[in-house]
Amino acid sequence: MKLYSLSVLYKGSTKANLLKAAYDLSSFSFFQRSSVQEFMTFTSALIVERSALGSRASVKEQEYLCHVYVRNDNLGGVVIADSEYPSRVCFTLLDKVLDEFSRQVNSIDWPSGSPATVQYTALDSHLAKYQNPREADAMTKVQAELDETKIILHSTMESLLERGEKLDDLVQKSEHLGNQSKAFYKTVQNSCLILLTY
């Protein structure tokens with residue numbers, strides 16, 4: 001999972017104006033980086049120009065996904081990521097960056113601003129922080145922990161029963177379960193089998 005670009009743009013009446021951008025092009029060869037950066041800047045502007053105000057979208061280009069959010073105040077943001085990066089985290093990042101940008105940079109400067117004139121320095125740190133969605137986004141982190149716990153639970157139960165034993169046989173042989181508990185277990189198992197056949 002990787003983020004390559006994070007851009008803030010102003011959607012004008014005819015074209016989009018790049019206000020600030022950050023790039024992580026370390027995965028590209030040194031000689032390709034300037035061309036890749038130009039292409040990402042071009043793609044970001046094109047996507048914002050063609051997106052409606054108040055819209056969010058994800059556009060696939062080869063193995064990359066371009067996530068765009070254009071607010072009703074004409075401020076837009078684009079994240080370019082690989083296809084494995086969670087889109088929900090991208091839109092969370094765009095919300096955060098655009099809110100922060102609009103608080104720090106006066107809206108009067110948006111139509112005529114440029115990367116050289118706009119005083120907003122947080123894009124590089126946001127791009128670096130969000131490279132690992134599990135660390136940057138609390139919900140993704142919790143989901144990853146739940147997945148790990150689930151894997152541990154499955155492997156633990158499987159390791160207990162790996163020696164050719166079946167849970168049904170163990171229940172029947174158990175001296176700790178009464179006849180009523182064994183009957184209840186069989187009823188539950190049969191109910192599960194009936195539900196699985198539907």
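1. Let's start with the pocket. Helix 1 is the top contributor to the lining of the largest pocket, giving four residues. Bear in mind as you read on that this is a predicted model.

2. Which elements give two or more residues to that lining? They are helix 1, residues 33–49, and strand 4, residues 64–70. The pocket itself holds about 160 Å³ of space.

3. If you want to find the pocket on screen, pick out Phe28, Val36, Phe39, Met40 and Thr43, then add Glu61, Gln62, Tyr64, Cys66 and Ile80; these residues line the largest pocket. By character, the lining splits into seven nonpolar residues, two polar ones and one charged one.

4. Now zoom out to the whole chain. How many helices and strands does the protein chain have? There are seven helices and five strands. Reading from the N terminus, the elements go β-β-α-β-β-β-α-α-α-α-α-α, so take a moment to trace that order in the model.

5. The strands come together as an open sheet of five, in the order 2-1-5-4-3, and the pairing is antiparallel. Why is one side of strand 2 and of strand 3 left without a neighbour in the sheet? Strand 2 (16–23) and strand 3 (55–61) are at the edges and each has a single partner strand, so there is nothing in the sheet on the other side. From one strand to the next, the twist averages 20°.

6. For a look at one pairing, try strand 1 (residues 3–11) with strand 5 (residues 75–82). These two run antiparallel to each other and are joined over seven bridges. Within this pair, Leu6 has Val79 in strand 5 as its bridge partner.

7. Two helices are worth checking against the sheet. Helix 1 lies across strands 1, 2, 3, 4 and 5, and runs at about 45° to strand 1. Helix 2, residues 87–104, also lies across strands 1, 2, 3, 4 and 5, but its angle is given against strand 5, at about 145°. Helix 1 is also the element that gives the most residues to the pocket lining.

8. Last, some totals for the chain. What share of the 198 residues is buried? Buried residues make up 38% of them. As for contacts with a separation of 6 or more, 53% are between residues 24 or more positions apart.

Definitions and conventions:
Residues numbered from 1 in each chain as written. Predicted model: local features only at pLDDT ≥ 70, side-chain atom pairs only at ≥ 80, totals over all residues. Heavy atoms only, no water. 1 Å grid on protein atoms, 1.4 Å probe; cavity = no way out; pocket = protein on both sides within 12 Å on 5 of 7 lines; lining within 4 Å. Points joined across faces, edges and corners; volume = space filled by probe spheres on them. Nonpolar A, V, L, I, M, F, W, Y, C, P; charged D, E, K, R; others polar. Pairing = 2+ DSSP bridges. Axes fitted to C-alpha atoms, helices over the stretch in contact; angles between N-to-C directions. Contact = heavy atoms within 4.5 Å. Buried < 20%, exposed > 50% of the residue type's maximum accessible area, 1.4 Å probe, protein only.
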